[in-house]
Every structure is written in structure tokens, then in C-alpha cells.
Amino acid sequence: MAMLGGLRSLRRLPGTRRLTGDACKEKEGWLFVDSVFPIRLGTWDIRYHIGILREETLLQQLETRLSRVKTHAFKVLSLEPYPKDGGVFVRFSYDGQGQQMAADDIERDLKDEIENQGGMPSWLGLSGGSVWLVKGRPWKEDMDRYPSSIVKVEFDGPDIHEEALFNLFRPYGRIYNIAPPASVPAGMLRSSQIGFRHVRSATVARNVIHGFQFSRGPAATGLHTVYERRIRPHAIRDWITGHPKIALPILFFLLGTLTYTIFDPIRTIFVEGKMLNWFDIREYAVYKWLQTQALDKLAFSGGDTSDACPDQDFWKERKAAETALRGYLADLPSTVVFVHGPQGSGKSRMVSSIIRDTGRKVLVIDCAELNKAPSDTRLVAALAQQTGYRPVFTFLNSLNSMIDIASVGVIGQKAGLSSSLQDQLKQILEVVGRALKNVNHHLRNSAKQKVKDERRVQARNEYEARIREAIRKEIWHDPRLGAIAGVGIISELGLGDEPLDELIITSTESTEAEGLEKRRTTEDQLARKEKTLEELYAIKTLPVVVIKNYAARGRTGRQELQEVLSQWAATLVENQIAHVVIISDNRENAKLLGRALPSKPLNFVVLSDADVQSALSFVRNRLREVNITSELTSEQITCIERLGGRASDLESLIHKVRNGQSIEDAVEDIISRAVSELRKNAFGEDADDAKMLHWTREHVWTILKKLSQKPEVPYYDVLMDFPFKGDEMPLLAMEHGELISIVTANGRPSTIRPGKPVLKYVFQRLVDDPVFQATQDIVVNEKIISGAESTVKSCENELTTLQKITKGESWTQVLLGSRRASGERKKYLVGKMYTAQQKILALEKQNVELKRILAKQV
């Protein structure tokens, strides 16, 4: 051992420990000791570097334990560490008599010795390795082929049977599979793959068997061993493509989980930021300071009063509606408030004014803007924009639809990744609902903190008041004042820093006893007041959701959008998350909301046009604001009465008068513009434009003539007459186009009125135009003449048929009276044909006169 220790410094190769310098005449062999170093599983494995640091110590310990065996003159010649596989190659010499038997004896005695010594040294300080006789030759390569549990055995010669491979490799560890040799191109070696349960077993087998010559009979096969990666390249991709029915649902589940766990919280924060003005630069202190110091001092323009709400003192019809809406917002929500009235009556303006006065946080959803979306994708994007829902990936729905189509061809069914329009809208509104709840909690906590701060300030003020009162009555003197002044024993002793509460209680005990009951009463009142304030703040902190231009089926609105919004609104009020205000033009549009809230009645708020006196008072008041104080003449009052009580028309009148026009000119301008707009919107600019309308020119001209003569006409009288003939769709379309207004009674249509009061005079202006009236009457007359001619022809054909039938009748049938029925029918047809013919003559004569009128006009 002393001789061996003296030769430890001799090195043959880097990392090789040479233990003797004499030429060995004996037989030599190799051993492989496993688990000395950590098995390196990849470039990222830091255990490899930890093992290298202990290399010298481990090799010294290993040499000491191996040198104790002297079987067959066993002598260690060198130690060659192989850290990548976690082991050490040991070159040794021995007595060569009975070579294979001697090597086996040495291996057996080494294992016994190691077991007696508690195992081989290890980088972790544990003893778990063993010694193996190398049957082939050592191969210490430093390529990036890291150990794995699969060993690929290449055959340089005839293939080896599976049973022989098992018997050869089984001593090194548990084998779970042996893959048979596969076909390979010419010139390449065939191979089998042996799968071990543990990587340690694979490293031992690879280093012990590599280069072994397996002989069976006259033929011999050289074995070459390499590691095979357990996960082959693209194995995951190949498995997914090979098992789409399993992989695709799992993939979609993971994508959905990613959306709910990552994107939904982000979207909730963005909606909260929109509600609380986190991203509004005007809410920041720097902007407010700049506005106060600079922008407000630059008088570029006066205040904008375009959004001013009509004065309630002059608009009596609106006062009741505003009172009802304010009462709804002053209590916890139990139902939805439905504000309805004709277009232009100021519904949105009134709601905005009330919410602005109350200082509530508001979320506005405008259905009119959403209905303008040309596709479902644009609709989803528009709703997300209005609610602050972002990020939104609208393109994914189209991509998901393509994936569904592709999955039908792959797995025979849809993957279920794409979602319908309703599902997308519900997903957005669910996130918005959670954000509204968070906004409510945030505002409520802020309100509670505000109440506590006010209570703390009030208590401090009362405390200071008691001190001042005690000093004023000279019933208490603060000794510390003497210490400051330097007089009295207090200044000598350095005292006088007692708490003021104790001093006040000590010096004013009798006074405090007298006012104890009073303070208790005050505290009870403050507690009740604090509780009342908390309840009040709990209501005031609820956000308000305003859904404008809400429309139901039969309108241009999307049915899916209205259903989802109605269900979402019902959820908000049932859970008391927010107040919901829905603005619509017609009470009939509340049917979907009624189905969403079957157990609770809706709170209806009606806005109607102002009466004549309210409209005149409103105009006088607004004109007085711009220093127009002259009294209105009878002609001016008559002109204003033509506009009726529609708020939008009255505001337009006031705006024109402020710009210098007289009241007469302003009203005339409003009517003239309405005439031009009506001709374009109701009749179309040309024939092609008229085909795009949801009604015909005959429909609108018939209604227009009747409403120019009467303020209202019966609904069903118009519906059953020419040219409607029972078709309600043109009437509903005209109502949506603001041409007419259908008044309901007892849940059914009752009468038809102009869409707004000024349209009555617009209709009269069109009817009084001789050229326009003549052209439209000719068109209507031609339609009626065409229908009458069809009636005459059908009567003639039926009369001819009856004539043929009566000619074939016998005298007995005549006596029995069968001819009586045919005669009655003939009499009816003749009368009907006569009436139709008279109508044709009268209308053709009328058309001649109308054409003469057209000929006279230049």
C-alpha cells in the first residue's frame, strides 16, 4: 500500500489515476464501479459539477477499498473516472491461470468485500454502488449522448435471440421490454432496444457489455451499445396526431383554463378601470392642476349647454318621470326600470342628467351602435369596446370555426371550440358583471372609510372642545405649562407630561359626572347616524347600467342581443349588483324583460311630448337665458305650436333663434328640412332606392294622406284596407323609421299618429304639393286599376263557366230549382264586375286630370 501510495501522482490520461509504474506481465482486466458520481441526465444537470468537486476524495476511498482484495494476485493498476455515466473504470492485473474463472472469482470477492465495508463511496456520502466485470472494452465518449433507461444494442454479425439477450443483460437490472430487430437499409447494423426499469441498470449494462463478442457455435457477434432517448424526436407531436380524439379535447380544455385563469382577471381589471376612470387622464391630479392653472383661464369658448336638461319648472310632463327615476335609484334594486317614450322626447338626456347629479358610476350600452355591426364578430368587438372588456380576440372565433370543420374530417365530430353569438355575448357580460361587483365593493369600502374618517375628525373636535371648555371654566390647568415657563416645583422635578385625558378626568370629575348622560345620548345618536350613513352609502355606491335604444323582435335589432341583455339585466338586479335603466321607444319592447323577470313587475317610466303651455314656457325660459325677452306674438305662438312638445325639435328651434333667425323662419326651416328628409327616407331618391325600403310608395302615401287630414287614424281600418291588406310589417317598419307612431290600448295597437308632432304639417306640405300629389296618386290609381281589372277578368271567366253549366241542365233540374243557385251567383258576379268597372272608369278619368296637372307644371 505504501508503494501504491507513492505512485498516485503518476497520470497516463487526464482523469486517470495510475497506481503502478511497472510493466505488468500478468493478465489484465477491467472493472466498472457504478454510482460513484451522479448520473448526468443532461447539460442542465448541476449534480455533475458537484460530483467533480469530490473526485479526488472519492477515488482515494475507492482505491483503499479495492486494494484489500488479494484474490488471484489482484492488483489495481489505474482508476479512470467516467462522471457522465456516474462510474469509474478500474484497470487491474491478476494471475492468468484459469482466466475466466479467476476473473469471476475476483468479481465475487470484490462484491463481498464491498458489502462487508458498507458499499462503495458515493458523491452523496451514501453507499449504494457495486463492482461489475467489464466483458467487452471500455468506451469513454464525451458526446451529448446522456444516459437513459433504454440501451440500443447493435449486432456486428448474426442477430442474437431475445432469450439470449435477456440472459445476458438481466444480471444488471430489471428489464421491462426487449424490442426485436427492425429492418434497416443495406450496410447498416441491425439492433434491438432493451428497456431497463432504472437508468442505473442501463449505465452498468452499457459500460460492461460494449464491445463484447457473443459466440454461439462457429459464428460470433460483436455487441455495440449506445443509449436511446426515451422520448424520441417529435414523439409528442406524433402521439397527438395519432390520438386526436383524446388530444384535441385535452388541448381545448387547457386553452379554456388558460382563458379563465389569466385573461378573465385581466379583463375584469380593465372593466373596473373604465368604471372607476383609472385610465382617464382627466382624473389625474396633474391634469386637474393644469386645467385649473391654465386651461380654465383661457376663455376660448363659453359653456356648452347642448346637453342641458329641460327646466322642470316649465316641463311638467318630465317632472313625474324624473321623480320616479330618482326614487328608483334611491333604493336597493329589486327590478328593472324601463324608460320609454317617443324618439326625441329626451329620455337619454334626462337619464344622463339624473345620474350626473347623483354622482353614480355608470356603464352605458348603446344597442343602436351594436345593431350597426355588419357581422357577429364586429358585434362582439363593439360590445367589448363599450364595456371596456379587453383584451378581446375576435379573430379566434373564425379560426375556431375552421378548426371545427377540420375536426369533423379528422375525428368525425366537431371539436366544440367555436361558440355561438349568444355564448360570446354571455361570456363578455359575465366578466362585466364580476367587474361591477368589484366596483361596488371598492366604492363601499371607500364609503366606510370616509364615515370612519368623519367620525374620527368629529371625535377629535369634541375632545379639543372639552379641553377649551375646561380651561375657560378654570377647572383645570395643564401643569406642563409651568414646566415650560420654568416656575414651580414641576419645573424642578421635570414632571407634567401626563396624558391629557387623565388630567381632564381628574380635574373635572364632577363636571364629567354631570354630563355623562348627555354624552351617552350623543354617542347613541352618532351611532345611529353612522349606521344610516353606511346604509345610504351602500345604495349610492351601487353602479348604474344604462341600456339605450333597446328594441325587440320586429325591429332592426338582433334578437340574440336583446335576449342576452334582458337575462343579464335580470341577474344584476336580482343579486343587487347594480341599478339597471333600460331606454326604449315603445312599451311593447319590454316583453323580453318581462320573461326574464317573471315574478317581479317592471318599473315603467313614461316620457311624453309636452303640452302646448309647457312647450311655450320652455321656449320662453330658454330664450330669456340669451337675453331675448320680447313677448311672443300670436303668429310666433302658432309657429311654435306646429312643433308640438317634442324636446329635440324645441331645442333645434332655440338653437336657430340663438344664431339670429326669427321664430317664423326657424320653424319654416325645420319643416322644410323635414319635407326633404321625408321624401328621401319615405319614398326613396329613385326606383332602385325605393326597392331597398321595407315598404312601398303606395303604403307610405296612403298613410301620409290620411294623417294630413286627421291627427290620428284607426289602426285596423288602415291595416285591412288597400294597400296593406292585413300585412303589419310595413306599418312596423314605418314606426321604426319614425314616420308614424302606433299607440297601443289594452295591449293591442289602437291608433296611428305621426312619428312626431311636426310631421303632421310636413305631411300637409307634401299633400299640398300638386306635382308630388299627382305623381303619387297616379301610381296608387294604377295599382287599384290593375287590381280591378283582375277582378273583372276573374268574374268574366266564372260567368262563362256558369253559362256552360246551365246549358247542360235538363227541364227536371230547372223545375227542382238548381238553376236558382247559379242565377244568384251570376247576379253577384255581375254586380261585382260592374263595381270594379265603375272604379276603373273613375280612376282613369282621375288619372287624365292628374296628367293635365303635370303637363301644366314647369
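Helices here are DSSP runs of H or I with at least four residues, numbered from the N terminus. By that reckoning, Leu-799 belongs to helix 32 of this predicted model. Leu-799 has a relative accessibility of 19% and is classed as buried, because the cut-off for burial is under 20%. Setting aside neighbours up to four places away in sequence, Leu-799 makes contact with Lys-826, Leu-829, Val-830 and Met-833. One of these partners, Lys-826, sits 27 residues from Leu-799 along the chain, yet the two C-alpha atoms are 6.4 Å apart.

A second residue worth a visit is Asn-847, which is part of helix 34 (residues 818-856). Asn-847 is also buried, since its relative accessibility is 3% and burial is defined as under 20%. Its contacts, with residues up to four places away left out, are Asp-777, Ile-778, Asn-781, Glu-782 and Ile-785. Helix 32 spans residues 770-807.

Stepping back to the whole chain, the secondary structure consists of 34 helices and 18 strands. Burial applies to 39% of the 858 residues. Of the contacts linking residues at least 6 apart in sequence, 72% are between residues at least 24 apart.

Helix 31 (residues 759-767) offers a neat view of how burial is arranged on a helix. Its buried residues are Leu-759, Val-762, Phe-763, Leu-766 and Val-767. Viewed along the helix axis, these residues occupy an arc of 135 degrees and therefore line one face of helix 31. This pattern recalls a general rule: an α-helix has 3.6 residues a turn, so residues three or four places apart point the same way. The partners against which the buried residues of helix 31 pack are helix 26, helix 28, strand 18 (748-754) and helix 32.

Two of those partners also meet each other. Packed helices are described in general by the angle between their axes and the distance between the axes. For helix 26 (residues 663-683) and helix 28 (residues 697-709), the axes come within 9 Å and the crossing angle is roughly 135 degrees. Helix 26 is therefore oblique to helix 28. On the helix 26 side the contact involves Leu-678, Ala-682 and Phe-683, while helix 28 contributes Arg-697, Val-700, Trp-701 and Leu-704. Six of the residues in this contact are nonpolar, one is charged and none is polar.

Elsewhere in the chain, five strands build an open, antiparallel sheet with the order 7-8-6-10-9. Strand 7 (175-179) and strand 9 (213-216) form its edges, each pairing on one side only. Ignoring direction, neighbouring strands are turned against each other by 25 degrees on average. Within the sheet, strand 6 (residues 150-156) and strand 10 (residues 219-228) run antiparallel and are joined by seven bridges. Lys-152 is found opposite Val-226 of strand 10.

Helices accompany this sheet as well. Helix 5 (residues 162-169) packs on the sheet and touches strand 6, strand 7, strand 8 (191-196), strand 9 and strand 10. The direction of helix 5 makes about 145 degrees with that of strand 7. Helix 6 (residues 199-209) lies across strand 6, strand 8 and strand 10, and runs at about 140 degrees to strand 10.

How values were computed: Residues numbered from 1 in each chain as written. Predicted model: local features only at pLDDT ≥ 70, side-chain atom pairs only at ≥ 80, totals over all residues. Heavy atoms only, no water. Axes fitted to C-alpha atoms, helices over the stretch in contact; angles between N-to-C directions. Helix = DSSP H or I, 4+ residues; strand = E, 2+ residues; numbered from the N terminus. Parallel < 35°, antiparallel > 145°, perpendicular 65-115°, else oblique. Contact = heavy atoms within 4.5 Å. Nonpolar A, V, L, I, M, F, W, Y, C, P; charged D, E, K, R; others polar. Pairing = 2+ DSSP bridges. Buried < 20%, exposed > 50% of the residue type's maximum accessible area, 1.4 Å probe, protein only. Arc of directions from axis to C-beta.
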